[in-house]
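Biologist: Mind walking me through this one? I'd like to go strand by strand and helix by helix.

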Amino acid sequence: MSSLGTRLTCKPADYKSDLKPIWCPGCGDYHVLMSFTRAFAQLGLPPEKIAVISGIGCSSRIPAYTNCYGFHGVHGRSLALAAGLKVTRPDLTVVVASGDGDGYSIGGNHFLHACRRNIDMTYVVMDNRIYGMTKGQPSPTTEPEFDTALTPGGSGVRPFHPLVVALASGANFIARCFSGETNETAEVLAEAIKHPGFSFVEILSPCVTFRPDEKAWKGQVRPASVAATNDQGKAARRLMTDDGFNVGILYHGDRPPFQPAVGASDTDLSELEKDFEL
Amino acid sequence: MGVSQSISIAIVGSGGAGALTTGNFLLEVASAAGWHGLFTRTLGPQIRGGEAAGLLRLAVHPVDCLPDQFDLIVGIDWLNAHRFGSEIKAGSQTLVISDPRGGEPPAMVTQSGARVVEITMKEMAKAIADGRPNMIALGIASRLLGFRIEQVLAPIAKRLADKGPAAIAASRAGIKAGFDAAAGIDFGTQLAAPTPSDSRRWLLSGNEATALGAIRGGVRFAAAYPITPATEILEWLSPNLAKVGGVLLQAEDELAAINMIIGSSYGGTPALTATSGPGLSLMIEAIGLATAAEIPIVVVDVMRGGPSTGIPTKSEQTDLNLAIYGLHGDAPHLVLAPQSVSDCLFTSQWAAYLAETLQAPAIVLSDQFMGQSRAAIERPADVAFIGARKLATNISGAYKRYALASNGVSAMAIPGTPGGQYTADGLTHSESGIPTSGAADHLAQLDKRRDKLDHFNFGDHWASVEGTGDLALITWGSLTGAAREAAGRAAADRINVRVIAPRLLAPVQPERLAAALEGVKRILVVEQTHSGQFHRYLRAHYDLPAPVRMFHRPGPLPITAGEIHRAITDWR
């Protein structure tokens, strides 16, 4: 998060646009949107100083539903676009929104390098373990036996563990939330935004249309029984052995963020020509 | 002894022999003494070892192309020189300096009738502490060209200053030994005296010129994924952007690089990336995003042989189709092409200016030949093209990012501007930027993006047009130099040729080309492709009012002025 001189008194509604979401009734992403606006209000950020960047998919529709600056880009590349924005505009608060297909499949490589690069931004992945917008194909977090038209009888492919991947790639703030718990999610998002450097928040967000079974998540999630650790080894063990339903901030390190100096310069451009003069 | 306006030298050696260093030093010595010159490396893909040659042309006038054949060839050794094939042409007038311990000169040399003089460069170097045969070669070539020894020693000492006095002493001794060894050799010609210049001349590569032009045009952010032959642009930008308050970010791949520059530009910082064909292929999807979301960006493609990995170290003009037609949907954007090392600076600056002014992506098609050649040039003039984006400030009421303006360019709100919040989108959108699949909005925004390019007055920079002959030679990119030289030779045969080289390839300028072709009776299209991409492009977009012939060939061999001249004289 960029530092702000004055803290505004804001309501969540100040951060909502009047555009009606295209999401299905009951979609978990509605709750994520509520958590976004609550977190922004809690932090008192001016809407014009926030940029919400996304790729393609149901979750990636979220920027236009906020009253912030937004970018709905191409599939899988939101982290790269956000990196170019944040290093040149360190004064902005940059939040990246993605889904399990956009973020872990087509955008998987950028996920690794964003964790490693540690630019000050918050990466929110709304994980519903399915490609919703294209009507139900398995994603990198879908169970191997889940039956779809594209993979009759299941893909047979083991899902990957995004939080472990984030930890191994150098992410410094790792959290898991459940979309239905909007207050708790907003709290975690506010902490993630305040965290200097790259913060990763996976939000379990049910797809009521293609994964009605995910409605049961409500009863499965529980606050993590232990506080966030700053010990990578401990975090790796916890993340590897949990069942995917422990929510809260799970790892919190203190690696300094990457931010090169940018801005106005007194250097005359003719200085650069000296390299070439005979 | 005769005097020549232009002399060409090839320095040949296996990788590590220092042939490229010798060629580079010769260019520096000659340009410090007031001559113009062009130096290009030719080498295989290996990092060390293999074949390498420095090809150098020195002249009293600016040089934009290689010669038909070389006047002097110095073979430090010939270990892998056969791999050059016909790249280093010799003739009966050519003088070849050959080290008898360096293997046999290849057939291209021995069958040409060239005069061969043997000098044992390796052995002479061994007699000097830390001596290197390439410094002997430098001494020999310098003497044959007519340089005075002090003209050579001073710049070399300056160049080697950071290597310490021992290295300088070894190089001096080597150069002197080479000078002495060449004493009895009659080269038969000498460079004419250089013309004095008012301004301080520059020595730089096309890639460096491209990078400086971008900064002059306002670029302050670059994203980098390394690729031959574009990497030097990024390596020059990295420290130099930092000097002017900008930054370069290394990306994890080309997909990230292109999206990073879109993010930077969306935030108000003009941005560039540089790549070659394989990278441009990966970037194309996001260039379409920049078109739809109206985000100014500059993408430099330093073209190399294709398709696929192709020939990374050799030049070709075969990314034209991709640059013009590669985007899905109807996606008007800018495509520009510099014509020489010097013009790389102007064209990339102009591209940055146009992208910012028109809120559209600009693809700059440079190529390996001019990108990696170094040239001694007159200092390029400061031009007034500095990117100035139409911004939305002091916004009151409902802001429409994509408002339909008469010239198609709508005011852009930069994040941080109160009241300007909008979502930039690759989805078809309304004037407010709200996604829609409505026919009227789709058409209105397609029209807007087309009109802002079509209605813009690009001025005389759209092309270089030289001469008034009724034979028009239409070419583009780095072939322009060879085409101009061919036209000059044709003039000596009393064939009047005009050379037309578009610098702006998209949007097309049919009225301007029609005017440039006024009175033309024959058209010769010259390009470095296998399939004739440029010829098809011309046929698709322009009326060609006279019989057309093509002269085209793919890389890796450069197309020479002599070949173009022959294509002109053969058309009787």
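Modeller: Sure, and keep in mind that this is a predicted model. Let's begin with β12(B), residues 271–275: 5 of its 5 residues are buried, so the rest of the structure largely encloses it.

Biologist: Which residues of β12(B) are on one side, and which on the other?

Modeller: In a regular strand, side chains alternate between the two faces of the sheet. Both faces of β12(B) are covered, with every residue buried. One side has B:A271, B:T273 and B:T275, and the other has B:L272 and B:A274.

Biologist: Which residue in β12(B) is the bridge partner of B:F221?

Modeller: Strand β10 of chain B, residues 221–224, pairs with β12(B) in the parallel sense, over 3 bridges. Within that pairing, the partner of B:F221 is B:A271.

Biologist: And what stands opposite B:L272 in β13(B)?

Modeller: β13(B) covers residues 297–303 and pairs with β12(B) over 4 bridges, again in the parallel sense. Opposite B:L272 you'll find B:V298.

Biologist: Let's try a helix. How far apart are the end C-alpha atoms of α12(B)?

Modeller: α12(B) runs over residues 341–358, which makes 18 residues. Going by 1.5 Å a residue, the expected span is 26 Å, and the model agrees, because the end C-alpha atoms are apart by 26 Å.

Biologist: How many residues of α12(B) are buried, and which residue follows the helix?

Modeller: The count is 17 of the 18, so α12(B) is largely enclosed by the rest of the structure. After the helix comes a residue with a positive phi, near 50°. That residue is B:Q359.

Biologist: At what angle do α1(B) and α5(B) pack?

Modeller: α1(B) is residues 19–32 and α5(B) is residues 149–159. They pass each other in a right-handed crossing. B:F25, B:E28, B:V29 and B:A32 make the contact from α1(B), while α5(B) brings B:Q151, B:V152, B:P155, B:I156 and B:R159. The axes are 9 Å apart, and the angle is about 115°.

Biologist: Which strands stand at the edges of the open sheet in chain B?

Modeller: Its 5 strands come in the order β18-β20-β19-β22-β23, with mixed pairing. From one strand to the next, the twist averages 20°. Two strands each have a single partner, so one side of each is left without a neighbour in the sheet: β18(B) and β23(B).

Biologist: Which residue of β23(B) stands opposite B:I523?

Modeller: β22(B), residues 522–527, pairs with β23(B) in the parallel sense, over 5 bridges. The residue opposite B:I523 is B:V548.

Biologist: Which helix lies across β19, β22 and β23 of chain B?

Modeller: Two helices come up here. α15(B), residues 479–492, lies across β18, β19, β20 and β22, running at about 170° to β20(B). The one you're asking about covers residues 533–541 and runs at about 135° to β22(B): that's α17(B).

Biologist: Now the contact between the chains. Which element gives the largest share of the side of chain A that touches chain B?

Modeller: Chain A puts in 42 residues and chain B 51. Elements giving two or more residues to the chain A side include α2(A), β2(A) and α5(A). By type, that side divides into 23 nonpolar, 12 polar and 7 charged residues. The largest share, 8 residues, comes from α3(A).

Biologist: Last one: what is the bridge partner of A:G70 in β17(B)?

Modeller: β2(A) pairs with β17(B), residues 423–425, in the parallel sense, over 3 bridges. The partner of A:G70 is B:T423.

Definitions and conventions
Residues are numbered from 1 along each chain as its sequence is written. Chains are lettered from A and ligands numbered from 1 in the order in which they are written. This is a predicted model: local features need pLDDT of at least 70, side-chain atom pairs count only at pLDDT 80 or more; totals for chains, interfaces and linings use all residues. The expected span of a helix is 1.5 Å times one less than its number of residues. A residue is buried if 20 or more other C-beta atoms lie within 10 Å of its own, exposed if 12 or fewer, and partly exposed in between; C-beta atoms are placed from the backbone. Two residues are in contact if their C-beta atoms, placed from the backbone, lie within 7 Å. Ala, Val, Leu, Ile, Met, Phe, Trp, Tyr, Cys and Pro count as nonpolar, Asp, Glu, Lys and Arg as charged, and the others, Gly among them, as polar. Two strands pair if DSSP finds at least two bridges between them. Axes are lines fitted to C-alpha atoms, for helices over the stretch in contact, and angles run from 0 to 180 degrees between N-to-C directions. A crossing is left-handed if the near helix is turned anticlockwise from the far one by less than a right angle, and right-handed if clockwise.
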